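Q: Please take a close look at the enclosed space in this one, and then follow its walls outward to whatever they connect to. I'd like the cut-offs spelled out as you go.

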Amino acid sequence: MYGLVCLPLVPVRATYNERSEMTSQLLFGEFVQIIEKEEKWIFIINEKDNYSGWVDVKMIKPISESVYEKGKNSSKTILSNTFNTVKNLQTNQIMHLPAGSILYNLKEDIFELGEDKWQIIDKQISKNDFINEEKIVEIAKSYLNAPYLWGGKSVLGIDCSGLTQVVFSIIDYILPRNASQQAQIGKQIDFLIDVLPGDLAFFGDEADRITHVGIMIDNSHIIHSSGWVKIESIDSHGIISSLTGEYSHKLRVIKRILN
């Protein structure tokens, strides 16, 4: 079975309980596979990044395989503005969407989602013709001062790997959900002097587990979500806290995702 996300943000939880830990969020326009149902909950796999978890059944629109295949083969437009306003032309209701949301078959200002037609009110969207290292940093900076939220993926609350995943999704590059998974891809950069804007820096604990990630601005500054999304200094040892002047995260590896 398949489902479609027709709401701005849908929480994904560790277990089928509203009090359970939120581990991630689904964005408008994402497809999911429905694997299992338990009372009023469904266990899903996000088609975009293969991340799985439990979702309230009311928050996912069931769709047929034919609708799923049509959507997967449709042209896609990824929203880059932190907030975007759309209107359902059937119900005439307004909805506000976060960056990273997906529009299908956008023609002028009209797009389809499942069997519904929508109109986008503001048209700030991603364009592949300006993808470069500086653009990644520009997108990341639009999240400055967003509060840290475990599992979050919007400007209203976002975690460290959620920030990197959403920023790269806006330029149509799909990263895994967790920092430890993201650290497995890309080309290793051995020295800070060789860093380019948009490289990802990964940080770990004493057991060498990757626990944190941020986006390099240059070879001495990083933007990351820790308490809130902020820019801090970094050297070969790690991130230097702007509050205490001490090291807050120990640097493990730097990876270049884009060639």
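A: **Around the largest cavity**

Helix H1 is the biggest contributor to the lining of the largest cavity, giving 3 residues. Before going further: this is a predicted model, where local features need pLDDT of at least 70 and side-chain atom pairs count only at pLDDT 80 or more, while totals for chains, interfaces and linings use all residues. Numbering runs from 1 along each chain as its sequence is written, and side-chain values use heavy atoms, with hydrogens and water left out.

How much space are we talking about? The largest cavity holds about 90 Å³, and the structure has 2 cavities of 30 Å³ or more. A cavity here is a set of points on a 1 Å grid over the protein atoms alone where a 1.4 Å probe fits but cannot get out, and a lining residue has an atom within 4 Å of a point. Grid points are joined across faces, edges and corners, and the volume is the space filled by probe spheres set on them.

The wall is made up of Leu4, Phe31, Val67, Lys70, Gly71, Ser74, Tyr104, Asn105, Glu112, Leu113 and Gly114. Besides H1, strand S11 (102–107) and strand S12 give two or more residues to it. These elements are DSSP runs numbered from the N terminus: helices are H or I with at least four residues, strands are E with at least two. By class, the lining splits into 5 nonpolar, 4 polar and 2 charged residues. For that tally Ala, Val, Leu, Ile, Met, Phe, Trp, Tyr, Cys and Pro are nonpolar, Asp, Glu, Lys and Arg are charged, and the others, Gly among them, are polar.

Now look at Lys70 and Glu112, which both appear in that lining. Their side chains meet in a salt bridge, 3.8 Å from N to O; the term means a side-chain nitrogen of Lys or Arg within 4 Å of a carboxyl oxygen of Asp or Glu. Lys70 sits in H1 (residues 65–72) and Glu112 in S12 (residues 110–113), so this contact links parts of the chain 42 residues apart. Glu112 is partly exposed at 25% relative accessible area, on a scale where buried is under 20%, exposed is over 50% and partly exposed is in between (1.4 Å probe, protein chains only).

A search of the whole structure turns up 10 salt bridges. Another one joins Lys61 and Asp116, again at 3.8 Å from N to O. Lys61 is in strand S7 (residues 61–63) and Asp116 in strand S13 (residues 116–120), so the pair ties together parts 55 residues apart in sequence. Lys61 is partly exposed at 27% relative accessibility, and Asp116 is partly exposed too, at 22%. Compare Lys230 and Glu232, with their closest N and O atoms 4.0 Å apart: both of those residues are buried.

Back at the wall, Leu4 belongs to a core of 19 residues that also includes Met95, Leu97 and Ile102. A nonpolar core is a set of buried Ala, Val, Leu, Ile, Met, Phe, Trp, Tyr and Cys residues joined through side-chain atoms within 4.5 Å. The largest such core is a separate one, with 29 residues, and Tyr143, Val167, Phe168, Ile170, Leu200, Ile215 and Val229 have the most contacts inside it. Helix H3 gives the most to that 29-residue core, with 6 residues.

For contrast, the second largest cavity is about 30 Å³. Val12, Ser24, Gln25, Leu26, Ile44, Asn46, Asp49 and Tyr51 line it, which comes to 4 nonpolar, 3 polar and 1 charged. Strand S3 gives the most to this second lining, with 3 residues, and S3 and strand S5 (41–46) each supply at least two. All 6 of the 6 residues of S3 (residues 22–27) are buried, so S3 is largely enclosed by the rest of the structure. S3 runs antiparallel to strand S2 (residues 9–13), with 5 bridges between them; strands count as paired when DSSP finds at least two bridges. In that pairing, Leu9 stands opposite Leu27.

Conventions
On a 1 Å grid over the protein atoms alone, a cavity is a set of points where a 1.4 Å probe fits but cannot get out, and a pocket is an open set with protein on both sides within 12 Å along at least five of seven lines; lining residues have an atom within 4 Å of a point.
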